[in-house]
Amino acid sequence: ALQIFNEGNGISLHLANPTEVGDVAKEIMAQINATLFQDPQSGKIKLKLAREDYVLADLPEFGPDEIEAITDYSVTLWEQTINVVRVAFTNRENSYADGIAPQMDDGNIRFSGRQKTAMIKFPYLFDSALAAELSAREMSNLSTPLFKATLLMNRKSVVVGPGDPFKLTWPEYGLSQVVVRARKIGLGKKRNGKVTMQIV
């Protein structure tokens with residue numbers, strides 16, 4: 001809560017119409033760049049912010065000793081990256097009119113020779129300065145090729161929760177201490193002691 005407050009990204013809203021609370025939570029998580037999940041040990045709902053707030057040397061590292069297999073491995077190509085982002089928001093400073101915060105990656109445009117645009121709507125965003133910051137954040141995420149994969153791991157991975165970063169080493173794919181984040185973690189079955197983890 002303090003981190004979000006310091007970033008000026010607090011949200012105050014009134015839901016006047018019936019809506020699914022899960023849908024509202026997803027919209028809030030997208031705006032503050034966070035993951036919401038239930039801790040399997042405590043049963044509590046937890047929120048993890050995706051921030052570069054870690055010390056690289058302190059991150060756990062997983063490799064062939066902990067990972068049995070990597071599946072669904074895919075890499076975003078440069079041709080698939082986004083180089084123009086337009087964040088739609090409600091501009092409180094302009095009598096709550098519709099606003100757009102654009103962001104461009106000129107280097108990506110020159111490299112790819114084309115423009116590829118993403119329109120992103122944050123329904124609980126009302127500040128133009130913050131809109132510009134979030135547009136830059138989304139541009140940073142979308143303009144760089146990323147890889148996704150699913151890991152089949154042993155129980156040593158329990159130290160990692162959804163949204164947590166860790167270092168991945170997998171010589172077969174030329175990965176050495178690459179920082180990734182856990183997205184969705186399957187609890188596995190008691191008998192085989194294996195856990196599935198989606199990463200990016």
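A contact here means that heavy atoms lie within 4.5 Å. In this chain, among contacts between residues at least 6 apart in sequence, 66% join residues at least 24 apart. The model is predicted, so to speak of local features a pLDDT of at least 70 is needed, side-chain atom pairs count only at pLDDT 80 or more, and totals for chains, interfaces and linings use all residues. Residues are numbered from 1 along each chain as its sequence is written, and side-chain values use heavy atoms, with hydrogens and water left out.

The chain holds 4 helices and 11 strands; these are DSSP runs numbered from the N terminus, with helices (H or I) of at least four residues and strands (E) of at least two. Of its 200 residues, 36% are buried, that is, under 20% relative accessible area with a 1.4 Å probe, protein chains only.

One open sheet is a good place to look next. Three strands form this sheet in the order β6-β5-β7, with mixed pairing; two strands pair if DSSP finds at least two bridges between them. Because β6 (97-104) and β7 (117-121) stand at the edges with a single partner strand each, one side of each is left without a neighbour in the sheet. From one strand to the next, the twist averages 25 degrees, where angles run from 0 to 180 degrees between N-to-C directions and axes are lines fitted to C-alpha atoms, for helices over the stretch in contact. Strand β5 (residues 84-91) runs antiparallel to β6, joined by 8 bridges, and R86 stands opposite P102 in β6. Helix α4 (residues 128-142) packs on the sheet and touches β5, β6 and β7; the direction of α4 makes about 155 degrees with that of β5.

Methods
Buried < 20%, exposed > 50% of the residue type's maximum accessible area, 1.4 Å probe, protein only.
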